[in-house]
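Open the model in your viewer and keep the selection panel handy. We will walk through it one stop at a time.

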Amino acid sequence: MSGEKHTMAATETTEPDTPEQADAEGAQAEAKGSGREQRGQEREGGVLNVFSGGILVVWAIMAAGPLIWVMVNSLRDSGDIQGNPFGWPTSLSFENFANAWSEANIGQYTLNSVLILAGSLPGTMLLGSMAAYVIARYTFPGNRFVYLLFAGGMMFPIILAVVPLFFVLDNLALLDTRPGLILVYIAYSLPFTTFFMTSFFRTLPSGVAEAATIDGASHTRTFFQIMLPMAKPGLISIGIFNFLGQWNQYFLPLALNAEDPDRAVLTQGLAELSVAQGYEGDWGALFAGLSIAMVPILVVYMIFQRQVQQGLTAGAVK
């Protein structure tokens with residue numbers, strides 16, 4: 001009997017006296033459960049952050065390590081490089097850059113690349129943005145076919161077109177000339193530029209172009225004065241990609257611009273330098289030439305890094 005009384009008393013003390021107390025106890029228990037769940041999620045998030053951070057560190061080392069190695073060796077003597085390729089410079093040898101620039105003719109090769117990109121890059125951006133604007137904003141028979149034609153151009157291996165390109169440029173007297181290589185670069189970069197800018201132009205508000213048309217602006221004026229400035233983030237992003245692709249292009253110049261050594265571009269010059277300096281043992285000049293080739297790419301990306309990120313994200317958000 002006494003045991004039953006104690007049990008009944010314990011039961012009476014645990015039962016809530018009022019509905020308000022029951023709600024309060026339920027809310028307290030729910031808060032404890034949510035607190036435990038939140039702590040569990042925080043622990044899982046911490047483990048995920050550590051894992052993702054480690055992956056990013058490894059990726060940064062893999063990406064930046066070779067660049068730093070090349071730049072460090074460009075300031076070392078050839079004897080030090082052969083003795084310890086992964087060591088630090090005991091003395092700074094800036095003459096490596098002078099040898100690469102003048103004796104290895106890297107200066108002339110760099111000038112040739114700059115002259116070709118000065119014609120191919122603006123031409124690619126202008127033609128690609130115009131084609132993309134028409135495809136994105138106007139409805140006409142064959143619109144979808146033209147769009148898919150540009151998209152298919154990205155899948156076509158350029159090596160299959162080298163022989164026809166060689167004979168076409170030869171018949172037009174453009175083989176081994178800067179204008180011929182400029183036209184080839186434009187044709188090579190046009191499919192990706194059109195594909196990218198078409199998606200970007202579709203995200204721009206159409207009301208602005210309609211208002212310009214109502215005010216009497218022509219299609220040309222609407223494109224160049226209104227829509228093209230609005231597409232500036234996308235233009236900068238695709239311009240960076242085209243600059244990198246055309247600056248580092250080696251196969252097309254090798255096949256279509258190999259007759260005159262004075263017209264060789266930087267990638268051709270670096271290939272010749274690697275062969276020549278490998279026999280002569282002047283590894284410092286070779287690494288200096290590689291550093292000279294990397295500097296424009298790093299400078300352009302550092303200047304337009306924010307615009308590239310904005311352009312890549314702007315096309316995905318309406």
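Which residues does Leu 266 touch, not counting residues up to four places away in sequence? Select Leu 266 and you will find Ile 106, Tyr 109, Thr 110, Ser 113, Trp 247 and Ala 293 touching it, where contact means heavy atoms within 4.5 Å.

Before we move on, two notes on the model. It is a predicted one, in which local features need pLDDT of at least 70 and side-chain atom pairs count only at pLDDT 80 or more, while totals for chains, interfaces and linings use all residues. Residues are numbered from 1 along each chain as its sequence is written, and side-chain values use heavy atoms, with hydrogens and water left out.

**Stop one: the cores**

Next, add Ile 106 and Phe 243 to your selection: along with Leu 266, they touch the most other members of the largest nonpolar core, which has 32 residues. Such a core is a set of buried Ala, Val, Leu, Ile, Met, Phe, Trp, Tyr and Cys residues joined through side-chain atoms within 4.5 Å; buried means under 20% relative accessible area, exposed over 50%, and partly exposed in between (1.4 Å probe, protein chains only). Now colour the helices that give two or more residues to this core: helix 5 (106–137), helix 8 (178–203), helix 11 (232–247), helix 12 (251–256), helix 13 (266–280) and helix 14 (283–303). Helices here are DSSP runs (H or I, at least four residues), numbered from the N terminus. With six residues, helix 14 is the top contributor. Another core, of 15 residues, lies apart from this one; to find it, select Ala 132, Ala 209, Met 227 and Ile 238, which are among its members.

**Stop two: a patch on the surface**

Switch to a surface view and pick Leu 67, Ile 68, Met 71, Leu 298 and Met 302, which make a nonpolar patch of about 430 Å². Patch residues of this kind have over 30% relative accessible area and no salt bridge, and their side chains (Val, Leu, Ile, Met, Phe, Trp, Tyr) are joined within 5 Å. Helix 2 (19–73) and helix 14 each give two or more residues, and helix 2 has the largest share, three. Met 71 lies in helix 2 and is partly exposed, at 32% relative accessible area.

**Stop three: two backbone oddities**

Finally, zoom in on the loop between helix 7 (162–171) and helix 8, where Ala 173 sits. Most residues other than glycine have a negative phi. Ala 173, however, has a positive phi of about 60°, and so does Asp 176, in the loop between helix 7 and helix 8. Are these two buried or exposed? Ala 173 is exposed at 62%, whereas Asp 176 counts as buried at 17%.

Conventions:
Patches are made of residues with over 30% relative accessible area and no salt bridge: like charges are joined within 9 Å, nonpolar side chains (Val, Leu, Ile, Met, Phe, Trp, Tyr) within 5 Å. Accessible areas come from the Shrake-Rupley method with a 1.4 Å probe; for residues, only the protein chains shown count as cover. A salt bridge is a side-chain nitrogen of Lys or Arg within 4 Å of a carboxyl oxygen of Asp or Glu.
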